[in-house]
Amino acid sequence: MTTRSFTPSRLEKFERLLLAEEAEANERLAEHRIGISEVRAARSDASADDEHDPEGPTMTQEWSQRSAVLTDAEHELADVRRALGRLTDGSYGVCESCGRAITVARLEARPTATLCIDCARRIG
Ligand SMILES: [Zn+2]
């Protein structure tokens, strides 16, 4: 007998939440990848024209902003995929630190949570 803490219908609900989050993160990634290649193209034009282009710093700023968003979305996607893996192997909803069940309310708010609320507060 396993100590699986969720009913199959509950797990299905979390799977749907995670898949929705995965789709959303993928969409964001796709959008920003397009954005980044536009910035890259514009930036190489600018530097070809004139090294002292007044728009230079602005372009760099936009570039790093976009990179940050992209990195966020990539991390989110990795989290979602790990959570989906835990759904498959039956460890979903179990705190990685103390091994106790993560509350449903917490998982509903944050389906990728790997720590119970107590450990999350303790670890930070
Ligand atoms: Zn815990």
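## The zinc site

Donors to a metal such as zinc are taken here as N, O and S atoms within 2.8 Å of the metal. In this predicted model, the zinc ion is coordinated through the SG atoms of four residues, Cys-95, Cys-98, Cys-116 and Cys-119, at 2.3 to 2.4 Å. The arrangement is tetrahedral because the angles subtended by the four donor atoms around the zinc ion run from 105 to 116 degrees, and four donors count as tetrahedral if all angles lie between 85 and 135 degrees.

## The donors along the chain

Read in sequence, the donor residues of the zinc ion follow the spacing C-x2-C-x17-C-x2-C. The pair Cys-98 and Cys-116 links distant parts of the chain, 18 residues apart: Cys-98 sits in the loop between α2 (56-89) and α3 (104-109), whereas Cys-116 sits in the loop between α3 and α4 (117-123).

Is each of these two residues buried or partly exposed? Cys-98 counts as partly exposed, because its relative accessibility is 34%, while Cys-116, with a relative accessible area of 6%, is buried.

## The nonpolar cores

The largest nonpolar core has 16 residues, and those touching the most other members are Phe-6, Leu-18, Leu-87, Tyr-92, Cys-95 and Leu-107; Cys-95 is also one of the residues that coordinate the zinc ion. Both α1 (8-49) and α2 supply at least two residues of this core, and α2 gives the most to it, with four residues.

Another core, of six residues, lies apart from the largest one, and its members include Ala-25, Leu-29, Ile-36 and Leu-77.

Note on methods: Residues numbered from 1 in each chain as written. Predicted model: local features only at pLDDT ≥ 70, side-chain atom pairs only at ≥ 80, totals over all residues. Heavy atoms only, no water. Donors = N, O, S within 2.8 Å, 3.2 Å for Na, K, Ca; no water. Tetrahedral: all angles 85-135°; square planar, octahedral: opposite > 155°, others 65-115°. Buried < 20%, exposed > 50% of the residue type's maximum accessible area, 1.4 Å probe, protein only. Core = buried A, V, L, I, M, F, W, Y, C linked by side-chain atoms within 4.5 Å.
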